[in-house]
Amino acid sequence: VLFRSQGSVFSITLRLDRAPTTNAMPKNIASLPPKTGLHLLIAEDNRTNMLIARKTLERSVKRLVEATDGRQAVAAYRAAPPDLVLMDVSMPE
């Protein structure tokens, strides 16, 4: 995945295990343990983007914290520093 921002190029490679191929889905998927022990902070002011990020990541991480502006993101980081921060490039405040 490539991200371009004013002359900078960032490349991210994620190596994830394949899901087991089975026809039997657990009855309560929310009760499954997270796939990683990561604590993740997502800073995103667009509600749709936040929803997509949450639905994509919530079952894969141990803890997911959300911030809708820069002040909330900094406060959340200071309160409990996460392993990883995913932040919108142009956040308000």
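**Figure 1. Isoleucine 42 of strand β3 stands opposite leucine 86 of strand β5.** The model shown is predicted. Strand β3 covers residues 39–43, and strand β5 covers residues 84–87. These two strands pair in the parallel sense, with 4 bridges between them. Of the 5 residues in β3, 4 are buried, so the strand is largely enclosed by the rest of the structure.

**Figure 2. Strand β3 also pairs with strand β4.** The β3–β4 pairing is parallel and runs over 5 bridges. Strand β4 spans residues 63–67. Within this pairing, alanine 43 is placed opposite alanine 67 of β4. Helix α1, residues 47–57, joins β3 and β4 in a β-α-β unit, and this unit is right-handed.

**Figure 3. Glutamate 44 lies in the loop between β3 and α1.** Is this residue buried or exposed? Glutamate 44 is buried, yet no salt bridge is found for it. Arginine 47 carries the nearest side chain of opposite charge, and that side chain is 11 Å away. A salt bridge requires a side-chain nitrogen of Lys or Arg within 4 Å of a carboxyl oxygen of Asp or Glu, so a separation of 11 Å does not qualify. The side chain of glutamate 44 instead reaches the backbone nitrogen of asparagine 46, at 2.9 Å.

**Figure 4. Surroundings of glutamate 44 beyond its sequence neighbours.** With neighbours within four places in sequence left aside, glutamate 44 is in contact with Asn49, Met50, Ala67, Thr68, Asp88 and Met91. Ala67 in this list is the alanine of β4 that stands opposite alanine 43.

**Figure 5. Glutamate 66 and arginine 54 form a salt bridge.** The closest N and O atoms of the two side chains are 2.5 Å apart. The pair links distant parts of the chain, with glutamate 66 in strand β4 and arginine 54 in helix α1, 12 residues apart. Glutamate 66 has a relative accessible area of 33% and is partly exposed. Arginine 54 is partly exposed as well, with a value of 25%.

**Figure 6. Glutamate 58 and lysine 55 form a salt bridge.** Here the closest N and O atoms are 3.7 Å apart. Glutamate 58 counts as partly exposed, at 29% relative accessibility. Lysine 55, at 54%, counts as exposed.

**Figure 7. Arginine 71 and glutamate 93 meet in a salt bridge.** The N to O distance is 2.6 Å. This pair links distant parts of the chain: arginine 71 belongs to helix α2, residues 70–79, while glutamate 93 is in the segment after β5, 22 residues apart. Arginine 71 counts as exposed at 57% relative accessibility, and glutamate 93 is exposed with a relative accessible area of 63%. How many salt bridges does a search of the whole structure find? The search finds 3.

**Figure 8. The whole chain, for orientation, has 2 helices and 5 strands.** From the N terminus on, the order of elements is β-β-β-α-β-α-β. The chain has 93 residues, and buried residues make up 15% of them. Among contacts with a separation of 6 or more, 57% are between residues 24 or more positions apart.

Notes. Residues numbered from 1 in each chain as written. Predicted model: local features only at pLDDT ≥ 70, side-chain atom pairs only at ≥ 80, totals over all residues. Heavy atoms only, no water. Buried < 20%, exposed > 50% of the residue type's maximum accessible area, 1.4 Å probe, protein only. Pairing = 2+ DSSP bridges. Right-handed = clockwise from strand over helix to strand, strands pointing away. Lys, Arg positive; Asp, Glu negative; His and termini not counted. Polar contact = N/O pair within 3.5 Å; in protein donor to acceptor, adjacent residues only side chain to side chain. Contact = heavy atoms within 4.5 Å.
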